[in-house]
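Q: Could you take me through the aromatic pairs, the cores, the domains and the cysteines of a model, giving the general idea of each before the case at hand?

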Amino acid sequence: MTITGVRVAAYEAPYDTPITNGLYTYTSTEIVTCEVRTDSGLVGIGWCHGGGIVFHAMTAIARRVVGHDETDTEKLWRVMYQPKLFGRKGLTTRAISAIDIALWDALGKRADLPLYKLLGGFRDTVPAYMAGGYYREGEGLAELQAEMARQVAGGARAIKMKIGALPVDEDVVRIDAALEAAGPGVRVLVDANNAYDRIDAQRMIRRLEERDIFWFEEPLSPDDLQGAAALARGSDLPVALGENEYTRFGFKDVLDAGAADVLNADAQILGGITEWRKCATLAETHHIPVAPHGDQEIHVHLVASQPNGLIVEYYDNALNTLKEVMFDQRLELDAEGRLSPPDRPGLGFDVNFTAMKGFLRAEEELR
């Protein structure tokens, strides 16, 4: 099955109100898609988050796969991963990720199997947590509690909120408000998005321990593995990180340092499904669970296929302004807060490029 062409397209949809996490503010959703076409007529679709840099990187890298056999995923990953030409980490690796995801989507379609079955099919449903709790201008505790209550009413049995943009004591008040709104039986996760130094991370983790928080995500800079390791050793509260790490080599460093109790390995960032599977298996040899950061449409398959898959992150359309129009199908939480992978071949999602046309910022056809 020969790759005959690739279409790369960049889309952007603004938020009505910008959202802020512990360190960054986002004014829009930016997605770059990749359609891999084959001589059999099958089309594989992949995507990642990013703007112009990712688009240009993807067009440069995607040229390298045209003419190859699409089933040679290991070979094609090596064809794309050229550290001297494209760098070892960063936005170019996101570009590789989307192309690789598209290859696996096409392989599932060729095999007429849902991707999670093609990858091993360890389980048929997976637990999920609903992401949210961002800082927004003009919103306070009442709005945060209303959001948490709305998520629980929508089926969530675990919810994640942002911390780190305010002093520790002020964020503790927000955490308590979220716990109150979530109610009994609902787990609360917190995510600092690298906002803390070591001192404030230590102060915060002590407060979190008192509240039985599910995990403390990205407390420190992604480059401070020793600090994260010290934090993890000193607390019974799980430390989760990895959404800013790349390739199996980066995750080996994380695991060797003992820097994480849970790995947030994101296939849309670290190098695609080919590389995610290696990172997850590496984590399994260390008895560490994987709980991917990123889009549920991809990661529901990966967590369902992996013995040490823990939980899937779930975004509603309010946090991804393109999702409202992007897919013809939609994943829904069941009454127990779980997700079931689609039973359709490949990823099981059809992208509605016609509906997305109004958000198109750039595109290129490669043959």
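Q: Is Tyr196 buried or exposed, and at what relative accessibility?
A: Buried means under 20% relative accessible area, exposed over 50%, and partly exposed in between, with a 1.4 Å probe and protein chains only. Tyr196 has 7% relative accessibility and therefore counts as buried, and Phe216, at 0%, counts as buried too. This is a predicted model, in which local features need pLDDT of at least 70 and side-chain atom pairs count only at pLDDT 80 or more, whereas totals for chains, interfaces and linings use all residues. Residues are numbered from 1 along each chain as its sequence is written, and side-chain values use heavy atoms, with hydrogens and water left out.

Q: How is an aromatic pair read, and what do Tyr196 and Phe216 form?
A: A pair of aromatic rings is described by the distance of the centres and the angle of the planes. Rings of Phe, Tyr and Trp (its six-membered ring) pair if their centres lie within 6.5 Å, and planes under 30 degrees apart count as stacked, over 60 as edge-to-face and the rest as tilted. The search of the whole structure finds six aromatic pairs. In one of them the ring centres of Trp77 and Tyr81 are 4.6 Å apart with the planes at 25°, so this pair is stacked; both Trp77 and Tyr81 are buried. Tyr196 and Phe216, by contrast, make an edge-to-face pair, with 6.1 Å centre to centre and 65° between the planes. That pair links distant parts of the chain, since Tyr196 lies in the loop between strand 6 (187-191) and helix 8 (198-209) and Phe216 in strand 7 (residues 216-217), 20 residues apart. Helices (H or I, at least four residues) and strands (E, at least two) are DSSP runs, numbered from the N terminus.

Q: Which residues touch the most other members of the largest nonpolar core?
A: In soluble globular proteins, nonpolar side chains tend to be buried together. A nonpolar core is a set of buried Ala, Val, Leu, Ile, Met, Phe, Trp, Tyr and Cys residues joined through side-chain atoms within 4.5 Å. The largest one has 82 residues, of which Ile163, Met204, Phe216, Leu263 and Leu339 touch the most other members. It draws at least three residues from each of domain 1 (2-112 + 353-366) and domain 2 (117-339), with domain bounds that come from an automatic or database domain assignment. Leaving aside residues up to four places away in sequence, Met204 touches Ile163, Val168, Asp171, Val172, Ile175, Tyr196 and Phe216, where contact means heavy atoms within 4.5 Å. Apart from this core lies another, of 26 residues, among them Cys48, Phe55, Trp77 and Ala95.

Q: What separates the centres of domain 1 and domain 2, and how many residues does the contact take from each?
A: Taken over C-alpha atoms, the centres of domain 1 and domain 2 are separated by 24 Å. Their contact takes 40 residues from domain 1 and 42 residues from domain 2.

Q: How many disulfides does a search of the whole structure find?
A: A disulfide is a pair of cysteine sulfur atoms within 2.5 Å. The search finds zero disulfides. Cys34 is in no disulfide, and the nearest cysteine sulfur, that of Cys48, is 9.1 Å away; Cys34 counts as buried, at 0% relative accessibility. The sulfur of Cys279 is 16 Å from the closest cysteine sulfur, in Cys48, which is too far for a bond, and Cys279 also counts as buried at 0% relative accessibility.
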